Amino acid sequence: MSASDWTAASTWRMAAERSRAAMRSAALVAPVTALEFVGREYLLTGGGPVLSVFSLHFLSGQCASLSVLQNYRIHGIRAEPRGTPGGTTLAVFGGKGLRLVRVTDGGRGLQPAGPLVELQDWVLDVLWFGAGPYALLGVALAHNTVLLLEADSRRIISVSSCQEVCLLYSALLIGSSWTDAVLVGGTVFNHLVLWRPGGRSQPEAAAVERRLLGHSGVIFSLAYLPEAGRLASASDDRSVRVWAVGVLGGGGACGELVQSCLWVLYGHQARVFCVKLTQGGVFSAGEDGACLRWEWDGNGKVGRSFKGHRSGGVRALAVSEEGAWLSTGGADGGVRLWRLGGGDDDKERQEGGGVIDLGFRGQGSPKVLRLVGGQSGGVLVCTDLGGMYLWVGHGWSQVWQGGPEFRSYCVMEVVCVREGVCVCAVGNLGGTVCVFPLSNPSSGVELKAGVGKVHSMQWVWPGRDCDALLLVSGVEGRVYRWHVSVGEEGVGIRVQPLRPFMLPPCQKRWLTAAATLRHTAGRMWLCGDRRGSLLLYGEEAGPGAEPASALEPVCILFGLHGKQGVTSVCERGRVCYSTGRDGCVRELVVSHGNALVEQRVHRAARGLEWLERVVFLQEEDATSPSSDARLALVGFRSVCFVVWDAIKHETLLSVPCGGGHRSWGYAPLTASQHHSQTHCIGGGALAFIKQGAVFVHYTPSPAGSVTMATGHMLREGLHGRGIGCVCRLGNLGQWEVLATGGDDTNVSVLAVQAETGVVRVLSVVTDHLSSVRTLAALPLEADGGGDDSSFSCLLFSAGGRAQLQGYRLRIGWDGEATCQVTQVISHRLDQRWEKQKNRHKTVKMDPETRYMSMGVVHAGKDRVVLALACSDGAVRMFGVCESAGVADPLWESFHHQRCVLSVARLSLQDPSGERCVLGFTAATDGVVCVWDWTAAVEGGSCDGPCFALPVHQSGINSLVVWEEPGDECEDGRLLSLASGGDDGQLAVLLIKVQFPRQQTGGGGLSLQLLSQWTEPLAHSAPLTALRVIGPSLLVSSSPDQRVCVWSVCVSASTLQRRGTMFTHTADVAGLEAWPVEGGGTRVAVCGQGVELLTITDGEKKEDEERIRVLSPVLS
């Protein structure tokens, strides 16, 4: 390096040192690792270093939050035994940190009550001795040692260690004073040891007084119930053990001499992380996501199961002292609350599941069942003897008796057209249909639907102040229709025939669902048949005389829902929804040419193959018909009736009824009967026939919504498993909109408010078969002339099973953020092979091929070109056409011959003004290749890379490239390429791109490496993500949980670290960065959770006081 270069480098280093980057956390979603109830007033939660307060009286949201442990994760919260009128003091601990925090303003405020105390060992438990200014703290450490601290001064008074020096996985301090305290520790050898840390005058180590054996795995959690003398332990061996230990602490010291195991409780499907003991039973929670309550008087029987978290399991559990509340915290970052309650009604509902036998007393066996008048109405049953009986709460009464032709077989449907006015239709094997009001069956009419069997009937009621329409499927695919009106007093039926429909030829030729469409030109009908086809019919408005010819469908989507049939169709806004027994929900629109266009198809939930219908959780807003509807799905999973929240991906209701093949009816609470923030949509009434009896299941009213199967959601969770990628979609006022993809195969759209740290889940897409590894977004021009209240973008996701998905997202604001998702493309590499005939004779591509990285190479008006790095050693390019809904392969190369990990692109302009597209790829061998993709983007060829250079010793996880400013080259450009790899190294290359001279003709691009420099120990773990955040500024992340900002000096060929921040997201896998209006940069880091950081220029201010306490024993 020349003298001028040394001078430039020195000057640059001095400027970089003066201009440090300050980073702070703006929002965090991390696994919830600590929960604690404080009286009957509020619930405390710990996620990462953040302590939050939720009021039990107002379940609408978080009251206060405070970051208290800096770089440590909260693992326990212990409240002072007797709070003062000014508030309650908490001991919050985790890792090697301990801090006192004050809860003020009735739970609406948090403030530090002292500095952060850092010990030399992991803190496993803390116990208060006394209260007030002279309170003491017992601190159990991981190496079987206990400290006694003064709460106010944090001064160590005493240190006590055990003779058995071993590592503890869990510890529990019990006692009211230091002299009679007992420590129960779960050792690394799967033993429980009990010893007394205090009450000795000599400084020697204490002996183990009791030892409990039985677990075959490490012990994660301990709980003690002094009233019963019971100790519980939760273990890695999937069991919970309850021990009879007697009185611990005080005069009882370490309990009874002979301590036995009372119960060994097996019920969890994975490791058990938490256990609590109450007078009501044993509560345990674990990695399987379930919280189980074991009854004391049931000899270890599971009394109730609480579920509601996503994958990843439950990490924290709390039960209030009086046993009225239960709370769970999940690895997904969510917090749920259940009211355990009490009383005979709640006990009966829990034990009996809310199922009541109505005691049917009519003649014959019930065969067909329908609900009348919604949740508060009755149950209508038709028997095999042709009798019809109604149950309205006080008993059964016969309302109608059919003739012999209605015995053994009948089809029945009922509709309520007005308050208290319900009309019933009954069909038989001979084509006869009887229509009558339930209040006056004698005033009915008899209709004829051809000659032969009535296969099915549907009532279509457009809405309030409208008459009903009856559709009856007869033989040979003919669907007869009548316009039915009822008198004001429910007396008298007027029927007018309409032109019938004709179904397309198929084996199972009858109608299963029908709906009228309001938002189309002319009167249109959307129907579904037993063959799984969706049919669109058109007719003139108003009834007319019955003509001889039938209406043919104007559009047919044959077999769309498979051979099991369509179960429901409906319209919401301008979007049509259909469900089927293929387990899919399809969203469609009617085009201007009266054609059905499928917008999106997604599978509801694994195991939920029989979908019956959709239920909307909010009233339809006529002012914003295009907003994305929040809906629940009604169907069957095995023998259970299930109501499933499609947005939050959780079960709202599950009732074992025997399966969907039996006759049943369900009436949910309407939107006016429940609050949109509760889960009472899982309420309502379910009636079904089982083994010749009629049962009804009632679920709680809105006042008891927190007693539902999934509890009340205090904080919404995310993926639960690891999040592999994050992508910014845009900005909506104060909300940053992000997309994340995880190992749970889901893509989530989030809205994050940086000022408050609030995170909202707008939509969850579940179309992937395997994990989502990479995302790419492309903003679209505003449709309405730059409306700030909404924006649109294209989102592409790719991952396992070589699957590529594309969506058009419309993010809007209508009182709250909304997201409308429209599927654009769905592509898998092995789709073509699966459709081939005699495919068993051909070679199938590797089913384990994964897309590792993706980038948008070209964005045109009618086509988007994507480049993907593949695990099978290929680099592939696809052309995506949104209007056609296809992804066409344009080009591929197997040059790397090994797993390709990352891909990037850069568009340059040559001296003649022509655009040149460069591609950059890197694989597991640490080699970076540069390609000329200019011809490949247009469908041409690209023989091989223009440039290849080994940069890292192992795989390269991230590539970023940018063009250097200035005109250093007359016929070329300078570009910089930065890469991060598994070796923890950060490398920067300066490359000169030489364009071919036009006068010489021919030739291609030539690339020359001008300089290369590296930072060998940029991170102490693999560098997983790298982004450009400004001129010569980079930000990097790694599983070492550090986010680093780097300044690049090209002229001096040096790298300078400008700032480092610890992130509370473990297993960091992805990174996204973008500039903020007004200066600064925001960075989203994902892994085991998501954290949003803000980067600004200037020194970070130390606003945290910290004390390091060195234990004499451990120093």
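**View 1. Aromatic pairs across the structure, with F360 and W396 as one example.** In this predicted model, a search of the whole structure finds 21 aromatic pairs. One of them is formed by F360 and W396, whose ring centres are 5.0 Å apart and whose planes stand at 85°, so the pair counts as edge-to-face. The two residues come from distant parts of the chain, 36 residues apart: F360 belongs to the loop between β30 (355-357) and β31 (366-372), whereas W396 belongs to strand β34 (residues 396-401). Both F360 and W396 are buried.

**View 2. The edge-to-face pair of F501 and W525.** Here the ring centres of F501 and W525 lie 5.7 Å apart and the planes meet at 75°, which is why this pair is also described as edge-to-face. The pair joins two strands, with F501 in β42 (residues 493-502) and W525 in β44 (residues 523-529), and the two partners are 24 residues apart along the chain. F501 has a relative accessibility of 1% and therefore counts as buried, while W525 is buried with a relative accessible area of 0%.

**View 3. An aromatic cluster and two arginines placed over rings.** Five residues, W610, F636, F641, W664 and Y666, form one aromatic cluster. W610, a member of this cluster, also has an arginine over its ring, since the charged end of R581 sits 3.9 Å from the ring centre of W610. A second arginine, R572, lies over the face of F616, at 4.7 Å from the centre of that ring.

**View 4. The disulfide between C416 and C422.** A disulfide is a covalent bond between the sulfur atoms of two cysteines. The count for this model comes to 1 disulfide, and the bond joins C416 to C422 with a distance from S to S of 2.2 Å. The torsion about the S-S bond of C416 and C422 is about 80°, so the disulfide is described as right-handed. The two partners fall into separate classes of exposure: C416, at 22% relative accessibility, counts as partly exposed, whereas C422, at 9% relative accessibility, counts as buried.

**View 5. Cysteines whose sulfur atoms have no bonding partner.** C254 takes part in no disulfide, and the nearest cysteine sulfur, which belongs to C162, is 10.0 Å away. The relative accessible area of C254 is 1%, so this residue is buried. For C793, the closest cysteine sulfur is that of C819, at 7.9 Å, which is too far for a bond. C793 likewise counts as buried, because its relative accessibility is 0%.

**View 6. The whole chain, as a setting for the close-ups.** The chain contains 4 helices and 85 strands, and of its 1115 residues 58% count as buried. Among the contacts in the chain with a separation of 6 or more, 49% are made by residues that lie 24 or more positions apart. The accessible surface of the chain comes to about 45100 Å², and carbon and sulfur atoms account for 48% of that surface.

Technical notes:
Residues numbered from 1 in each chain as written. Predicted model: local features only at pLDDT ≥ 70, side-chain atom pairs only at ≥ 80, totals over all residues. Heavy atoms only, no water. Buried < 20%, exposed > 50% of the residue type's maximum accessible area, 1.4 Å probe, protein only. Contact = heavy atoms within 4.5 Å. Areas by Shrake-Rupley, 256 points an atom, 1.4 Å probe, with all protein chains shown as cover. Phe/Tyr/Trp six-rings, centres within 6.5 Å; stacked < 30°, edge-to-face > 60°. Lys NZ or Arg CZ within 6 Å of the ring centre and 35° of its normal. Disulfide = S-S within 2.5 Å.
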